[in-house]
Amino acid sequence: MGKRYLRTIVSDFQTLTASADITPIDLPVNPLSHLLLTLSLTKNVAAQATSLGQVIIPIMQQITEVSVRHRGENIIQGSLQDLAVLNAILDGTVPSVHDVGQADNEIQSVTFPLKFGRKPFWGEEAFPATTRGQLRFHMTAGAISALYDAASWALEAVELIEDDPTRYIKYTTLNRALAATGRQRVPMPLGNQLLGILLFDPSDEVDTGAVYAFGKVKMLKDNVEQYYAESNWESLRDDIVRRVPHWRGAWGHVHAQAAVDTVTGEELFTVADRPPLQYGYLDFDPHRDGMYSLDTAGVSTLDLDLNSDIASGTIRMIPIEWINVR
């Protein structure tokens with residue numbers, strides 16, 4: 001007989017209040033593989049054809065922060081957009097928009113997984129059993145996009161009721177406001193193994209010139225170059241493509257035509273500041289088996305060293321920590 005899992009509705013659909021925090025939700029006590037956050041929105045105008053190709057972007061951006069906290073400590077934390085990108089990199093799939101009709105009052109929905117392991121339904125890697133009230137879900141909403149009249153949300157959990165995990169992953173956001181160009185270091189968390197670091201760059205592909213906050217990147221472990229002796233931002237972005245097939249077009253695009261029978265262009269990205277254009281990835285787990293994980297136990301310093309082309313803007317980094325339960 002095979003193992004069983006249990007998928008439950010933790011919090012059923014309720015109104016998403018703009019620019020407000022939700023009431024924190026207690027999560028199940030059994031080992032957790034992943035959560036499923038669903039946003040459902042009602043369109044406020046008809047024929048938004050120019051927006052359908054990138055409709056997932058305003059939906060993601062309505063949630064400014066999501067966090068899962070164990071006894072007050074963040075296990076998962078970041079903007080919904082950053083967390084969606086990171087979770088897509090983990091298992092190679094991106095969220096999908098359902099019901100993309102153009103009529104007024106059409107309801108569109110997207111489900112975003114939030115994983116506690118590199119693979120869903122993996123009994124060895126999930127958040128371990130806890131007691132009621134110790135593991136809670138928090139979320140902050142921003143302004144609702146002008147494309148929609150109203151929004152609601154729901155949360156489901158996948159419990160691994162017959163498993164006893166030995167490890168889980170933790171990923172929380174680090175921010176750094178840039179004040180100058182040139183070399184600068186950002187300390188990374190110590191004590192656990194790192195599987196990767198997601199990088200968000202405030203610059204994008206349509207800015208004048210090829211200038212980026214993460215112009216060149218290296219990793220320093222106790223001031224010694226490790227893994228990335230130095231790499232260009234352009235190649236770090238391309239590493240994501242090896243993780244997720246069709247990465248560039250997977251987040252929505254528009255096909256440009258002068259008329260129905262005249263093709264004037266291929267995939268046209270009409271909005272620049274959106275995924276996947278602004279993300280790169282440092283991969284310390286290319287085989288997905290922990291073989292190359294970056295061990296930080298007993299380390300004095302671990303720094304992401306970047307050579308920035310720009311002197312303003314805020315960069316974001318999300319290290320993926322591999323936590324042993326025992």
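Buried means under 20% relative accessible area, exposed means over 50%, and partly exposed lies in between. The exercises below apply these terms to a predicted model.

**Exercise 1. Classify glutamate 124 and its partner arginine 167 as buried, partly exposed or exposed.**

Step 1. Glutamate 124 has a relative accessibility of 45%, so it counts as partly exposed.

Step 2. Arginine 167 has a relative accessible area of 13% and is therefore buried.

Step 3. The side chains of the two residues meet in a salt bridge, at 3.4 Å from N to O. This pair links distant parts of the chain, 43 residues apart: glutamate 124 is in the loop between E7 and strand E8 (135–141), and arginine 167 is in strand E10 (residues 167–171).

**Exercise 2. Determine which other glutamate pairs with arginine 167, and which network of salt bridges holds them.**

Step 1. Recall the general principle: side chains of opposite charge can pair when their charged atoms come close.

Step 2. Glutamate 125 forms a salt bridge with arginine 167, with 2.7 Å between the closest N and O atoms. Because glutamate 125 lies in the loop between E7 and E8 and arginine 167 in strand E10, the pair ties together parts that are 42 residues apart in sequence.

Step 3. Both glutamate 125 and arginine 167 are buried.

Step 4. The network of salt bridges links Arg118, Glu124, Glu125, Arg167 and Asp285. The structure holds 18 salt bridges.

**Exercise 3. Describe the surroundings of aspartate 285.**

Step 1. Aspartate 285 lies in the loop between E19 and E20. Its relative accessible area is 2%, so aspartate 285 is buried.

Step 2. Leaving aside neighbours within four places in sequence, aspartate 285 is in contact with Arg118, Leu195, Arg243, Gly290 and Met291.

Step 3. Aspartate 285 is also part of the lining of the largest cavity, together with Leu90, Arg118, Leu195, Arg243, Tyr281 and Ile320. This cavity contains about 50 Å³ of space, and its lining has four nonpolar, no polar and three charged residues.

**Exercise 4. Explain why helix H3 is regarded as largely enclosed, and check its span.**

Step 1. Of the 12 residues of H3, 11 are buried, so the helix is largely enclosed by the rest of the structure. The buried residues include Leu80, Leu83, Asn87 and Leu90.

Step 2. At 1.5 Å a residue, the 12 residues of H3 should span 16 Å. The C-alpha atoms at its ends are 17 Å apart, which agrees.

Step 3. Aspartate 91, in helix H3, is partly exposed, because its relative accessible area is 31%. Glycine 92 follows H3 and has a positive phi, near 85°.

**Exercise 5. State what H3 gives to the lining of the second largest cavity, and find the salt bridge of lysine 115.**

Step 1. The second largest cavity has a volume of about 40 Å³. H3 gives the most to its lining, with five residues.

Step 2. The lining of this cavity divides into five nonpolar, two polar and two charged residues. Among the lining residues are Asp91 and Lys115.

Step 3. Lysine 115 forms a salt bridge with aspartate 91, the closest N and O atoms being 3.5 Å apart. The two residues, lysine 115 in strand E7 and aspartate 91 in helix H3, are 24 residues apart.

Step 4. Lysine 115 has a relative accessibility of 3% and therefore counts as buried.

Key:
Residues are numbered from 1 along each chain as its sequence is written. This is a predicted model: local features need pLDDT of at least 70, side-chain atom pairs count only at pLDDT 80 or more; totals for chains, interfaces and linings use all residues. Side-chain values use heavy atoms; hydrogens and water are left out. On a 1 Å grid over the protein atoms alone, a cavity is a set of points where a 1.4 Å probe fits but cannot get out, and a pocket is an open set with protein on both sides within 12 Å along at least five of seven lines; lining residues have an atom within 4 Å of a point. Grid points are joined across faces, edges and corners, and a volume is the space filled by probe spheres set on the points. Ala, Val, Leu, Ile, Met, Phe, Trp, Tyr, Cys and Pro count as nonpolar, Asp, Glu, Lys and Arg as charged, and the others, Gly among them, as polar. Helices (H or I, at least four residues) and strands (E, at least two) are DSSP runs, numbered from the N terminus. The expected span of a helix is 1.5 Å times one less than its number of residues. Buried means under 20% relative accessible area, exposed over 50%, partly exposed in between (1.4 Å probe, protein chains only). Contact means heavy atoms within 4.5 Å. A salt bridge is a side-chain nitrogen of Lys or Arg within 4 Å of a carboxyl oxygen of Asp or Glu.
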